[in-house]
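The following exercises are to be worked with the sequence and the coordinates at hand. Each task is followed by a solution in steps.

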Amino acid sequence: MSMAPRTDPQSPAPHVADSHDLIRVHGARENNLKDVSIEIPKRRLTVFTGVSGSGKSSLVFDTIAAESQRLINETYSAFVQGFMPTLARPEVDVLDGLTTVITVDQQRLGADPRSTVGTATDANAMLRILFSRLGKPHIGSPKAFSFNVASISGAGAVTMERGGQTVKERRSFSITGGMCPRCEGRGSVSDLDLTQLYDDSKSLSEGAITVPGYTGGGWNSRLYSESGFFDPDKPIRKFTKKELHDFLRREPTRMKIAGINMTYEGLIPRIQRSMLAKDREGMQPHIREFVDRAVTFTTCPECDGTRLSEGARSSKIKRISIADACAMQISDLAEWVRGLDEPSVAPLLTALQQTLDSFVEIGLGYLSLDRPAGTLSGGEAQRVKMIRHLGSSLTDVTYVFDEPTIGLHPHDIQRMNDLLLRLRDKGNTVLVVEHKPETIAIADHVVDLGPGAGTAGGTVCFEGTVEGLRTGGTITGRHFDDRAAVKETVRKPTGTLEIRGARTHNLQGVDVDIPLGVLAVVTGVAGSGKSSLVHGSIPAGEGVVSVDQAAIRGSRRSNPATYTGLLDPIRKAFAKVNGVKPALFSANSEGACPTCNGAGVIYTDLAMMAGVATTCEECEGKRFQASVLEYHLGGRDISEVLAMSVTEAEEFFGAGEAHTPAAHRVLTRLSDVGLGYLTLGQPLTTLSGGERQRLKLATHMAEKGGVYVLDEPTAGLHLADVEQLLGLLDRLVDAGKSVIVVEHHQAVMAHADWIIDLGPGAGHDGGRLVFEGTPADLVAARSTLTGEHLAAYVGT
């Protein structure tokens, strides 16, 4: 191929289109940002850092990513926009140079029982097509291999107008689905323990039903006692067969009770519909406790937990059914697919191969496609979302990552760094919110926000190179090269917790003694079996306080005061001093402003346009009726108390007229976990990931227990915050508690009294005990991946 010779010896001036190489942000005021103005280079890797709550997510996600998404949505017609989430324009003066943003956040994948790793990544969709084309015997279309599609058939007369005449035709249809009819594609069946539903020695009038919400003479209990199907004064154990059937399993029946039309239904189907159909995590605590007590989940005996019908399991390729394929470790499945040579489905095999290889490349080769999506950790869920972007041909896109190293062993962080650099090198802008020095070190550009958290943050403390950050004098710069030293002396255990033959998930008969009365750290590469060992062998219950990674739930009406239970003693203190009811001091109850119903703002829905929230003129955003604000405690009204920071409130409720020991105890715990800057009434929806993690820890510290089990408590924490966390763990141990931490952070490992290391690899290559002993012994031996990285970290 010949090219025309260049005659102009001088290079031409750059084209004006090539001059847009910056994302310009001016006057950003979202959440706690204070008129932030920065310029971010395009086609570079920019890391945003700063203490937890300093405004990183507000700038990256709530300003840059949100505005890009809003502008893209506006390119669709009003009809299409009506079906999309409506987004308000962020609080910012100027946003220039934006490109299409792809957000990869830490939001957990849905906990729906039918959602698996395979369905979340489209790998299952490709497998279903593969089996519908190559499976022997042939049983039908891809739907025949889907555990979300039930087999149905029907027939009947269809009436239609044709040529001015009414014509009747007989039509029949049938759909062959792959759903197991017994468990309806869930893989497990639930059974109710009847002894937890009622006390059969009592009659209904005596309150025999013990289900939450069915006691105390409310409508739920009256529905049964006044139904007329049985004598409400007869003990349930004396019911006839028919009466017991009507009480427990009767089909829905319309009837009048106390002059009101109601639907009567047996107790079992009613509980299954009202409680068991809901996501367990979304339940109120007392309902969840009842469900855990009353419901037993067992593997479906018909499909053996595969979720698939007998027909779907009978069709095979090279003696492997789709159920077998989904149960394989993904790294093994990738090898199996590589061995299939079938020209008729070559494009499909190539696409499936790429997807499965992406799992392995990103460090998730130890998962299986049938793993329920709700059981993935935040870090695993984030990497699953990354998979669809790895092989993408798109360039000049802005990728936004929220702490992609969460849940990763130091060994895996290097692999994640390589992926981020590869995305950048394809010509994309990569923005990463991160705390780990290993990832900050690879940045082309660093933006450090702070100097503090909450109202003390929201400004740019530093902008420039990594070398500049090191000498910049900011909190991040000062802590950047911090390295915790291995303890010279370790505490002596007061006892041991024996675990024998642990086989949960990938554990291979692990025998280990976890020392009590010390800080014990369980570590190992991602997928080595740490959480399986700790949560599977040390169930939360009597004497054990377990703080896992599950996200805390809360609406914009929830705040730290309501979540921690702090508001109850505060309301009672206000009520006692003023001689009125405690309910008056709740913005969700009697004290709520009638105009905004206690929300503080009035929301106006504008259909496909972004809704508008305006401060309520009646209460001026204070959420309470004016009459309620006339009651004072220690010279402050309830809205002023909710506007206090935790530190202020701790002093306020610690002494004087407002002295309230119950409130002071909760506030001390919030201070202990480093949340002294939070305001009591700040909506939970505005808290960062690290703040939510610590809020949860503070709440669980109130529970009575001798053993604390913490799952990656450093998630979302800045280097400076990790020091404070280590101090808190030390205080817990010194108070006589046993602390068991599942952790990857080297500072926590170095600080431990005892380390249990699982591995050597992930999935079926892990699940074995590879080391137990003191951190000093682990560093000296360097016999495991963890030992090598810890030795490099402490500089020996």
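**Exercise 1. The second largest pocket**

How do the residues of the lining of the second largest pocket divide into nonpolar, polar and charged?

Solution. The model is a predicted one.

Step 1. Begin with the space itself: the second largest pocket holds about 530 Å³. Its lining comprises 27 residues, and those closest to the pocket centre are Pro437, Asp482, Arg483, Gln746 and Tyr793.

Step 2. Sort the lining residues by class. The result is 13 nonpolar, seven polar and seven charged residues.

Step 3. Assign the lining to helices. At least two residues come from each of α14 (410-425), α15 (437-440), α25 (719-734), α26 (746-751) and α28 (785-794).

Step 4. Assign the lining to domains. Domain 1 (16-108 + 376-479) and domain 3 (482-552 + 699-795) each contribute at least three residues to the lining of this pocket.

**Exercise 2. The largest cavity**

Determine which domains the largest cavity lies between, and describe its lining.

Solution.

Step 1. Searching the whole structure yields three cavities of 30 Å³ or more. The volume of the largest cavity is about 170 Å³.

Step 2. Around the largest cavity are 20 lining residues; Lys436, Thr714, Ala715, Gly716 and His745 lie nearest its centre. By class, the lining has seven nonpolar, eight polar and five charged residues.

Step 3. Both domain 1 (16-108 + 376-479) and domain 3 (482-552 + 699-795) give residues to this lining, and therefore the largest cavity lies between these domains.

**Exercise 3. Domains of the chain**

List the assigned domains and state the separation of the centres of domain 2 and domain 3.

Solution.

Step 1. The domain assignment gives domain 1 (16-108 + 376-479), domain 2 (188-299), domain 3 (482-552 + 699-795) and domain 4 (554-686).

Step 2. Taken over C-alpha atoms, the centres of domain 2 and domain 3 are 43 Å apart.

**Exercise 4. A sheet and the helix packed on it**

Establish the strand order of the open sheet that contains β1, and place helix α1 relative to this sheet.

Solution.

Step 1. Strands of a sheet pair through backbone hydrogen bonds, in either a parallel or an antiparallel sense. In this open sheet of three strands the pairing is antiparallel and the order is β2-β1-β4.

Step 2. Identify the edges: β2 (36-41) and β4 (94-96) each pair on one side only. From one strand to the next, the twist averages 5°.

Step 3. Examine the pairing of β1 (residues 22-28) with β4, which is antiparallel and extends over three bridges. Opposite arginine 24 stands aspartate 96 in β4.

Step 4. Add the helix. Helix α1 (residues 56-73) packs on the sheet and touches β1, β2 and β4, and its direction makes about 115° with that of β1.

**Exercise 5. Backbone exceptions**

Locate the cis peptide bonds at proline 451 and proline 760, and the positive phi of arginine 307.

Solution.

Step 1. Recall the general expectation: most peptide bonds are trans, and most residues other than glycine have a negative phi.

Step 2. Glycine 450 and proline 451 are joined by a cis peptide bond, with omega about 0°. Proline 451 is placed in the loop between β16 (445-450) and β17 (459-464).

Step 3. Glycine 759 and proline 760 are likewise joined by a cis peptide bond, with omega about 0°. The loop that holds proline 760 runs between β26 (754-759) and β27 (768-773).

Step 4. Arginine 307 has a positive phi, near 75°. This arginine 307 is situated in the loop between β11 (295-299) and α9 (310-314).

Note on methods
Residues numbered from 1 in each chain as written. Predicted model: local features only at pLDDT ≥ 70, side-chain atom pairs only at ≥ 80, totals over all residues. Heavy atoms only, no water. 1 Å grid on protein atoms, 1.4 Å probe; cavity = no way out; pocket = protein on both sides within 12 Å on 5 of 7 lines; lining within 4 Å. Points joined across faces, edges and corners; volume = space filled by probe spheres on them. Helix = DSSP H or I, 4+ residues; strand = E, 2+ residues; numbered from the N terminus. Nonpolar A, V, L, I, M, F, W, Y, C, P; charged D, E, K, R; others polar. Domains from an automatic or database assignment. Pairing = 2+ DSSP bridges. Axes fitted to C-alpha atoms, helices over the stretch in contact; angles between N-to-C directions. Contact = heavy atoms within 4.5 Å.
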